[in-house]
Amino acid sequence: MKKLIFLSAMLMAAAGAMACTNFIVGKKASADGSVICSYNADSYGAFMYLYHYPAGKHQPGEMRKIYEWDTNKYLGEIPEAPETYNVIGNVNEWQVTIGETTFGGREEMVDSTGIIDYGSLIYIALQRSKTAREAISVMTTLVEQYGYCSEGETFTICDPNEAWIMDMMGCAADRTVSKERTVWVAMRVPDDMICGHANQSRITTFMPAKKQKRGQETVLWSKNVVSYARTMGWYSGKDQDFSYNAAYAKPDFSGRRICDARVWQFFNRYADGMDRYIPWAEGREAKAEPLPLWVKPNCLLTVQDVQAAMRDHFEGTPFDVSAQSEDKADIGGGIWQMPYRVTPLYFEVDGRKCFNERHTSTQQTAWTFVSQMRSWLPREIGGCFWFGNDDPNMVAYTPVYCCSTRQPDCYSGRGADDVTFSMDNAFWVENWVSNMVYPRYSALFPDLKQVRDSLEHSYFTAQAEVEQRALQLDGIARRQILNEYTCQKADQMIARWRRLATFLIVRHNDMTVRPVDEKGNFKRNKYGLGVAVQRPGYPETYRRELVGRTGDKFIKPAE
């Protein structure tokens, strides 16, 4: 029997692999009938932007070169499709949206001979699919034909009518062991449910009790998904009892506390009875009840609700790392109570392995989206892709319509890269601001939040009017007005963010606070100069901690 090797989320993060979060909302679980999904693309040091692949017609024999998404390494080439669709970000012109999180799984299953990596698979499928089901077919056909060279991956695959979650792994390089090249399972999320995944394989048992009607399946799987595990000596029970993640990516402490805990918090926000799964999320109790794949929310969710979930730091839960936490001994947030923790996730003290909580909102996010897909609108209008280019807590999501045929300049990546700063690039301007805020969070974040929320409120307020105008137009004119609106809002955001950066420097210079009036303008005295700055000092909780740890050292003696 082969040695069992599981890659934990902690090890993947240490190696620089993607460590992301996806949430999914079925159309009957949303307030307006939208299918909604989200994605934080989390990778330290990665410079990312809003991708664009224009629609095209391709001649027989035309080939597409495949470059690994994470490294830009050339992997090979495959034939182009006769027709490809317009893709902006992770949504295409048919409103199909795809996200992902990496779970790793068994190390020995990686197929080093494959030429399709998980990132390329996403964008090829978006260019070739009109529905989520078609995307699943495209993805699984491609990897079976050309091999899948990435680690274990969970994909979110949605369209205006359906939401799916799919786990996929390779079958190593030895074709004498397995003629098939991947093992995968895809499950349709029930319309009235919410679902999520965060770097841990989420699918357990999946075999349907009765035969499914063709075209109406709610579960799809590779024909070898059970037999491969039997061949490798990893499973010997009945087909109907087979659990995908138990065989290929068994949840360990990291898979539960570092990964599934993020999904638990999403469920905990919007569903009842989630306390029963705290032991699972804590990761310490071996026989804890597993977190379900999906749950029914206690309210209908909006795009704003999902955006709020992407900004979460476990507030109000046993895993809370924010200033609201009742654990006064936790000084990890520093003087100004930052609800973030330094990396890596794991560290050692006197030979003991310790860990930081891994919440959904994290400083390593390169970009984030919440995709809104609406079946009752013309597709150019129905797909609204809310995008931000940094930690979602620190940015305003701007609307990007799925019919957009050009990127907003600030989201294009032109004139900037991972070591080239640009004042015209959203990634760098937003990171500039957030990295001012992080170390002095409780002092600076309220100013950022006011700007963030004001911008987003203006976008949602204007959405109905903009879409009504677009409905009065046809074809090119409709696409043009929505593309122009997309670019206008992105331009507005980066201009406002540059102003925010300079405002923060002036207002909080030298750890003081310069007073402002009700309109946010700096107050001046009768001589035209700024009024005296305020010196708030340490937050109350930190003052007490400081004195408690130092005894009489800083106690002023009685006069």
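## Working through the model

Asn72 sits in the loop between β6 (63-67) and β7 (74-79). Those labels come from DSSP runs numbered from the N terminus: helices are H or I with at least four residues, strands are E with at least two. You're looking at a predicted model, where local features need pLDDT of at least 70 and side-chain atom pairs count only at pLDDT 80 or more, while totals for chains, interfaces and linings use all residues. Residues are numbered from 1 along each chain as its sequence is written, and side-chain values use heavy atoms, with hydrogens and water left out.

**Exercise 1.** Compare the backbone and surroundings of Asn72 and Ala172.

*Solution.* Start with phi. For Asn72 it is near 65°, which is positive even though the residue isn't glycine. Ala172, also not a glycine, has a positive phi of about 65°. Next, place Ala172: look in the loop between β13 (163-170) and β14 (182-188). Now check accessibility, where buried means under 20% relative accessible area, exposed over 50%, and partly exposed in between (1.4 Å probe, protein chains only). Asn72 has 58%, so it counts as exposed. Ala172 has 15%, so it counts as buried.

**Exercise 2.** Find the cis peptide bond at Pro344 and say where that residue lies.

*Solution.* The bond joins Thr343 to Pro344, with omega about 5°. Then trace the chain: Pro344 belongs to the loop between α8 (303-310) and β18 (346-349).

**Exercise 3.** Work out how strand β21 (residues 384-388) is enclosed and paired.

*Solution.* First, burial: five of its five residues are buried, so β21 is largely enclosed by the rest of the structure. Second, directions: Cys384, Trp386 and Gly388 point one way, Phe385 and Phe387 the other. Third, partners (two strands pair if DSSP finds at least two bridges between them). Strand β20 (residues 365-373) runs antiparallel to β21, and five bridges join them. Here Ser371 stands opposite Phe385. With strand β22 (residues 398-401), β21 makes four bridges, again antiparallel. There, Cys384 has Tyr401 as its bridge partner.

**Exercise 4.** Check the span of helix α11 (residues 441-471) and look for a bend.

*Solution.* Count first: α11 has 31 residues. The expected span is 1.5 Å times one less than the number of residues, giving 45 Å here. From first C-alpha to last, α11 reaches 43 Å, close to that value. Then the bend, which is the angle between axes fitted to the seven residues ending at a residue and the seven starting there: at Gln463 it is about 40°.

**Exercise 5.** Describe the largest nonpolar core and the contacts of Trp497.

*Solution.* Such a core is a set of buried Ala, Val, Leu, Ile, Met, Phe, Trp, Tyr and Cys residues joined through side-chain atoms within 4.5 Å. The largest has 157 residues, and those with the most contacts inside it are Ile98, Phe155, Ile157, Tyr248, Trp367 and Trp497. Helix α12 (residues 475-507) gives the most to this core: eleven residues. Now zoom in, taking contact as heavy atoms within 4.5 Å. Leaving out residues up to four places away in sequence, Trp497 touches, among others, Met394, Val429, Glu430, Leu448 and Arg452.

**Exercise 6.** Sum up the chain as a whole.

*Solution.* Count elements: 13 helices and 22 strands. Then burial: 56% of the 559 residues are buried. Finally, the C-alpha atoms fill a box of roughly 85 × 65 × 45 Å along the principal axes.
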